[in-house]
Amino acid sequence: MLDAGLAGRTVLITGSAQGLGAALVRAFHAEGAYVAALERDDVANRALAAGLDPGGKRIRTVHADLRDLAATEEAYRTVRAWRPVDVLVNNAARPSAASLWEITPEEWDEVFAVNLRAVFFLTRAVAGDMRERGHGRIVNMASIAGQTPRPTGAAYGTSKAGTIALSRVFAAELAGDGITVNTVAPAMIDTPMVRSVAPEALAGLTAQVPLGRIATPQEVARVAVFLASEETFVTGATYDVNGGALMR
Ligand SMILES: NC(=O)c1ccc[n+]([C@@H]2O[C@H](COP(=O)([O-])OP(=O)(O)OC[C@H]3O[C@@H](n4cnc5c(N)ncnc54)[C@H](O)[C@@H]3O)[C@@H](O)[C@H]2O)c1
């Protein structure tokens, strides 16, 4: 626990059912926050929530597919009717390892629908309400793939570079309204997304990390909690959580 002043605050987390999203739900719940967990895998999402908060007092699950903007906006209306959102964490992503030679128009569109279009429209909806209350914290999950080219992931890396740019646009626009917007750029995290990488490829990537290992989801979640803290002078920043894989 960071004691970030989040007790009683309400946090909306996308892609909450597994991996980093599940660690974010645990971390914000441990800070005493109310958590709205938005996810397309309703079964896994409910199981996570039931395990952490059996009475359903401080964690609510919301079922939506972020590719569907109308469904996402409807899900946000459900959350808002429960409690006004103080913190938004745009965490969900559509992974894609296709190189620039392989990527199809369909895969390109799907990656951008989840990783950028949904982030933009959900952030705009939530930020509109935050402005009226004069307070808000927004944290977007990008990736080292958006900061430096990787051999694979043409659409993924480009969408994550877009996340970083979009965060700065919102940060500048919302700075006068008491709302901070920041980005976290992890390298590899020990989640199902990474465990799907072939072991020899993973070993090769890990060897390039100065700290000599990949991150735990908890280590990345702690940075998100810090960026969502009540007391902060940080906005428009990109926090690298990469074990030294990119020093800039
Ligand atoms: N795992 C890594 O090594 C790594 C590295 C850098 C950045 N990241 C970023 O961290 C974030 C979390 O990654 P992760 O490894 O936990 O991913 P993950 O694939 O393990 O989990 C993503 C979650 O998002 C949900 N999701 C995906 N598409 C959705 C949609 N259309 N609608 C609703 N929910 C959807 C999935 O069901 C899943 O629960 C992502 O933004 C990712 O790009 C991850």
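## Packing of helices H3 and H4

Angles under 35 degrees between helix axes count as roughly parallel. In this predicted model, the axes of helix H3 (residues 69-82) and helix H4 (residues 105-133) cross at roughly 30° and come within 10 Å. H3 and H4 are therefore roughly parallel to each other. Their crossing is right-handed.

On the H3 side, the contact is made by Leu69, Thr72, Tyr76 and Arg80. H4 contributes Arg117, Ala118, Phe121, Leu122, Ala125, Val126 and Asp129. By character, the residues of this contact comprise seven nonpolar, three charged and one polar.

## The largest nonpolar core

The largest nonpolar core holds 34 residues, and the members that touch the most others are Ile13, Leu24, Phe28, Val89, Val184 and Val220. Both strands and helices supply two or more residues to this core: the strands are S1 (10-14), S2 (34-39), S4 (87-90) and S5 (136-141), and the helices are H1 (19-30), H2 (42-52) and H8 (217-227). Helix H1 gives the most to this core, with seven residues.

Val220 illustrates how distant parts of the sequence meet. With its neighbours within four places in sequence left aside, Val220 is in contact with Leu20, Met141, Val184, Pro186, Ile189, Ala215 and Val241.

## A second core

A separate, second core consists of 31 residues, among them Ala92, Ala98, Leu122 and Val181. Leu122 also belongs to the H4 side of the contact between H3 and H4.

Notes: Residues are numbered from 1 along each chain as its sequence is written. This is a predicted model: local features need pLDDT of at least 70, side-chain atom pairs count only at pLDDT 80 or more; totals for chains, interfaces and linings use all residues. Side-chain values use heavy atoms; hydrogens and water are left out. Axes are lines fitted to C-alpha atoms, for helices over the stretch in contact, and angles run from 0 to 180 degrees between N-to-C directions. Helices (H or I, at least four residues) and strands (E, at least two) are DSSP runs, numbered from the N terminus. Angles under 35 degrees count as roughly parallel, over 145 as roughly antiparallel, 65 to 115 as roughly perpendicular and the rest as oblique. A crossing is left-handed if the near helix is turned anticlockwise from the far one by less than a right angle, and right-handed if clockwise. Contact means heavy atoms within 4.5 Å. Ala, Val, Leu, Ile, Met, Phe, Trp, Tyr, Cys and Pro count as nonpolar, Asp, Glu, Lys and Arg as charged, and the others, Gly among them, as polar. A nonpolar core is a set of buried Ala, Val, Leu, Ile, Met, Phe, Trp, Tyr and Cys residues joined through side-chain atoms within 4.5 Å. Buried means under 20% relative accessible area, exposed over 50%, partly exposed in between (1.4 Å probe, protein chains only).
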